[in-house]
Amino acid sequence: MSITIKSPSSGTTAEVNEKQQLEVSASVSSESHHVSLNNGETYLWTTSWSADTGEEVIYLKNNSKTKYLIIDKVTVSAVAASLFELYTATGTAAGTTITGANANRASGNAADASAFGEAEVTGLTTASRIDMARVAANGRATMDLQDVLILGQNDAITLTYTGSTGIVDVIITGYFEDK
């Protein structure tokens, strides 16, 4: 029995090699890359400022009623040896508003999220710790969440800094997908 695979739009057929194997090719990319390219819905929230130990350095909340905000990774760096802890958060966040940059510069989409950074974020209660990263002085680390942290409507996360007073840098990479 023979099976033919034919494209309905172009009429081309799939090729079978001399070993009777279907010849295929594939490209592999991250889900955040796929969503950025095809939907224009991958964002980067960044902050850089001089923080004190114990401060919440960035806050991110999903405001969307129809989409999940999926966190791919959190990248941190600091001038001082430090510990960054990622938590779920509740409360009414206050601070300096930051806007997520769309990773697909050709997209006109804006993130349906609230974010604060560039100064201490206040008004929060941390709940469950999700991840943590230790950073050497002038070091950098990535919390590779591999798309498993999913924020529904009104779910929020925050990042706590423990270390000497000094510049901290944070990048949260996330994307939206329909529920």
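**Exercise 1. Locate Ser-77 in the fold and describe its surroundings.**

Solution. Step 1: Ser-77 belongs to strand β3, where strands (E, at least two residues) and helices (H or I, at least four residues) are DSSP runs numbered from the N terminus. The model is a predicted one, in which local features need pLDDT of at least 70 and side-chain atom pairs count only at pLDDT 80 or more, while totals for chains, interfaces and linings use all residues. Residues are numbered from 1 along each chain as its sequence is written, and side-chain values use heavy atoms, with hydrogens and water left out.

Step 2: Ser-77 counts as buried because its relative accessibility is 13%; buried means under 20% relative accessible area, exposed over 50%, and partly exposed in between (1.4 Å probe, protein chains only).

Step 3: Neighbours within four places in sequence being left aside, Ser-77 is in contact with Phe-84, Val-135, Gly-139, Arg-140, Ile-167, Val-168 and Asp-169. Contact here means heavy atoms within 4.5 Å.

**Exercise 2. Give the strand order of the open sheet and identify its edges.**

Solution. Step 1: The open sheet has five strands, ordered β5-β1-β9-β3-β7, with antiparallel pairing. Two strands pair if DSSP finds at least two bridges between them.

Step 2: β5 (101-102) and β7 are the edge strands; each has a single partner strand, so one side of each lacks a neighbour in the sheet.

Step 3: Within the sheet, β1 and β9 run antiparallel and are joined by ten bridges. Asp-169 in β9 is the bridge partner of Ser-48, and Asp-169 is also among the contacts of Ser-77.

Step 4: Ala-101 lies in edge strand β5 and is partly exposed, with a relative accessible area of 36%. Beyond residues up to four places away in sequence, Ala-101 touches Thr-42, Tyr-43 and Leu-44. Its C-alpha atom is separated by 22 Å from that of Thr-160, 59 residues apart along the chain.

**Exercise 3. Determine how β8 is covered and which strands pair with it.**

Solution. Step 1: Seven of the eight residues of β8 are buried, so the strand is largely enclosed by the rest of the structure.

Step 2: β2 runs antiparallel to β8 and is joined to it by five bridges; Glu-56 stands opposite Thr-160 in β8.

Step 3: β4 is also antiparallel to β8, through seven bridges, and here Leu-86 stands opposite Leu-159 in β8.

Step 4: β2 and β4 each pair with β6 as well. The β2 and β6 pairing is antiparallel over five bridges, with Lys-61 opposite Ser-114 in β6. The β4 and β6 pairing is antiparallel over twelve bridges, with Phe-84 opposite Ala-133 in β6.

**Exercise 4. Describe the nonpolar cores and the place of Leu-159 in them.**

Solution. Step 1: A nonpolar core is a set of buried Ala, Val, Leu, Ile, Met, Phe, Trp, Tyr and Cys residues joined through side-chain atoms within 4.5 Å. The largest one has 31 residues, and those with the most contacts inside it are Trp-45, Ile-71, Val-74, Phe-84 and Leu-159.

Step 2: Elements giving two or more residues to this core include β1 (42-51), β3 (67-78), β4 (82-97) and β8 (156-163).

Step 3: A second, separate core has seven residues, including Ala-89, Phe-116, Leu-124 and Ala-156.

Step 4: Apart from residues up to four places away in sequence, Leu-159 touches several residues, among them Val-57, Ile-58, Val-74, Val-76, Phe-84, Leu-86, Met-143 and Val-170.

Step 5: In soluble globular proteins, nonpolar side chains tend to be buried together.

**Exercise 5. Find non-glycine residues with positive phi and state their exposure.**

Solution. Step 1: Most residues other than glycine have a negative phi.

Step 2: Glu-118, in strand β6, has a positive phi near 65°. Glu-118 is partly exposed, at a relative accessible area of 36%.

Step 3: Gln-146, in strand β7, has a positive phi near 50°. Gln-146 counts as exposed, because its relative accessibility is 56%.
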